[in-house]
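Hi,

Here is the structure I promised to pass on. Have a look at it first, and my notes on what turned up follow underneath.

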Amino acid sequence: MSTKKLKIAIIADPEFPIPPLLYGGIERIIAMLIKGYSNLGHNICLFAHRDSETPAKLFPYKGMSSSNKKDIILNSIIINKELFSENYDVVHSFGRLAYLLPQLPTKLPKLMSYQREPSVGQIKRAFKLARKNSLSFTGCSNYINNKILPYAPSYAIYNGVDLNMYHFKAIASEHAPLVFLGRIEPIKGTHIAIEIAKRTGKKLVIAGNVSPSYQDYFNKDVKPYLNEQISYIGPIDDKQKNELLGNAACLLMPIEWNEPFGIVMAEAMACGTPIIGFNRGSVPEVIINGLNGYTCNTINEMVDLIAKIPQLDRRKVRQDCEKRFSAEVIINQYLNLYRELIAVHN
């Protein structure tokens, strides 16, 4: 494999800076990749929120919304002015597929990464418009990737975690709490985590942001149950996340939707903390039963599995994270893919 240094353009959505302060899983992945690429000597430019702090050359957006048509056009102009004026080896987008439209007829290798449910109609149209062999996709799990594969070249590359940011804890206290960490909304299953805590008698710490659209859910299904046993600590930064996950008995993923990946699972594993999650979306890909946690299908099963958590070896949980989800592994997978895509045009 070539060791030539690459000139890489990376496109983010405009809502959050890179890296994000609190919420922003995709933005954390972008920050991790840029740090790794820069340390390896690659030349990186980034199109992102104006408050981003990055070793890449930053092209700040003027538009701040991914759903506002005017903002999309403003940001597309910034992106494509640069891409047409400079010779990049590859452009990698984590943002809107629309940003790549002016580049579709060109031979520039284009990689679109989906961290969410893909829009099949958009993928089919873009692939039809794109120059042959110039547009490829990735999904952040096999669950997402398999939705793209029937319509375009696509590869499963998991999300990763900077292991230096999360400290391994070999032993969890017998009084260690269960942890729920994520957006406080019904599909994430905060109310189910509360039910698990009530039925097992275990302490539960809930962390995450409450968006205005889910304030009623928080007020009705979370707040009334907060007490000495069940606590809510709000949104947390990376330092607090390391502390919370490292001191947890396990992370609960009682999801009521098909989770595309769930970076928090890799973050918990980096601390040695196992996961119990419902068997949906990417969860059965991340969790290896009996090694780093357990999957299940019902609340009753999740309650029963809590008792099995002490049987898991936290060292093996961390080792599995190092093997599959470390920044180094994910960075190399993307770089190898870039070089494969570039080679098609040489």
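Let me start with one histidine. Leaving out residues up to four places away in sequence, histidine 49 touches Pro14, Glu15, Phe16, Pro17, Leu58, Tyr61 and Met64. You'll find histidine 49 in the loop between strand S2 (43–48) and strand S3 (57–60). Despite sitting in a loop, histidine 49 counts as buried, with a relative accessible area of 9%. A polar atom of its side chain lies 2.9 Å from the backbone nitrogen of aspartate 51. Do keep in mind that this is a predicted model.

Next, the core. The largest nonpolar core has 115 residues, and Tyr37, Phe47, Leu204, Leu251 and Leu252 are those with the most contacts inside it. Helix H12 (residues 327–343) gives the most to this core, with nine residues. If you want one residue to click on, try tyrosine 37: not counting neighbours within four places in sequence, it is in contact with Ile8, Ile10, His42, Ile44, Ile331, Tyr334, Leu335 and Tyr338.

Leu204 also belongs to strand S9 (204–207). In S9, Leu204 and Ile206 point one way while Val205 and Ala207 point the other way, and all of them are buried. Strand S8 (residues 178–181) runs parallel to S9, and four bridges join the two. Valine 179, for example, has valine 205 in S9 as its bridge partner.

S9 turns up again around helix H6 (residues 215–222), where Tyr217, Phe218 and Val222 are buried. These three are on the same side of H6, because they cover an arc of only 100 degrees around the axis. Asp216 and Lys220 are exposed on the other side of H6. As for what lies over the buried residues of H6, the cover includes helix H5 (190–200), S9 and strand S10 (230–232).

Helix H11 (residues 314–324) has a buried side as well. Its buried residues are Arg314, Val317, Arg318, Asp320, Cys321 and Arg324. They cover an arc of only 160 degrees around the axis, so they are on the same side of H11. The cover over them includes helix H7 (238–246), H8, helix H9 (283–286) and H12. At the N-terminal end, H11 is capped by aspartate 313, with a side-chain oxygen 2.8 Å from the backbone nitrogen of arginine 315.

H8 (residues 263–270), one of the helices covering H11, is itself mostly covered, and eight of its eight residues are buried. Glu267 is among them, along with residues including Ile263, Val264 and Met265. Just after H8, glycine 272 takes a positive phi of about 90 degrees.

You'll probably want to know about the cysteines. How many disulfides does a search of the whole structure find? It finds zero. Cysteine 140 is in no disulfide, and the nearest cysteine sulfur, that of cysteine 321, is 16 Å away. Cysteine 140 is buried, at 1% relative accessibility. What about cysteine 250? Its sulfur is 10 Å from the closest cysteine sulfur, in cysteine 296, so the two are too far apart for a bond. Cysteine 250 is buried too, with a relative accessible area of 0%.

Two more residues to look at, one buried and one exposed.

Threonine 138 is in strand S6 (residues 135–139) and is buried, at 0% relative accessibility. Its side chain makes a polar contact of 2.6 Å with the side chain of serine 113. Apart from residues up to four places away in sequence, threonine 138 touches Leu111, Met112, Ser113, Tyr114, Ile148, Ser154, Tyr155, Ile157, Tyr334 and Leu337. Tyr334 is also one of the residues in contact with tyrosine 37.

Phenylalanine 84, in helix H2 (residues 69–85), is exposed, with a relative accessible area of 51%. Setting aside neighbours within four places in sequence, phenylalanine 84 is in contact with Pro102, Gln103 and Thr106. Its C-alpha atom is separated by 9.8 Å from that of leucine 108, 24 residues apart along the chain.

Cheers

Terms used:
Residues are numbered from 1 along each chain as its sequence is written. This is a predicted model: local features need pLDDT of at least 70, side-chain atom pairs count only at pLDDT 80 or more; totals for chains, interfaces and linings use all residues. Side-chain values use heavy atoms; hydrogens and water are left out. A nonpolar core is a set of buried Ala, Val, Leu, Ile, Met, Phe, Trp, Tyr and Cys residues joined through side-chain atoms within 4.5 Å. Buried means under 20% relative accessible area, exposed over 50%, partly exposed in between (1.4 Å probe, protein chains only). Contact means heavy atoms within 4.5 Å. A disulfide is a pair of cysteine sulfur atoms within 2.5 Å. The arc is that of the directions from the helix axis to the C-beta atoms. A polar contact is a pair of N or O atoms within 3.5 Å; within protein, one must be able to donate a hydrogen and the other to accept it, and residues adjacent in sequence count only if both atoms are side-chain atoms. Two strands pair if DSSP finds at least two bridges between them.
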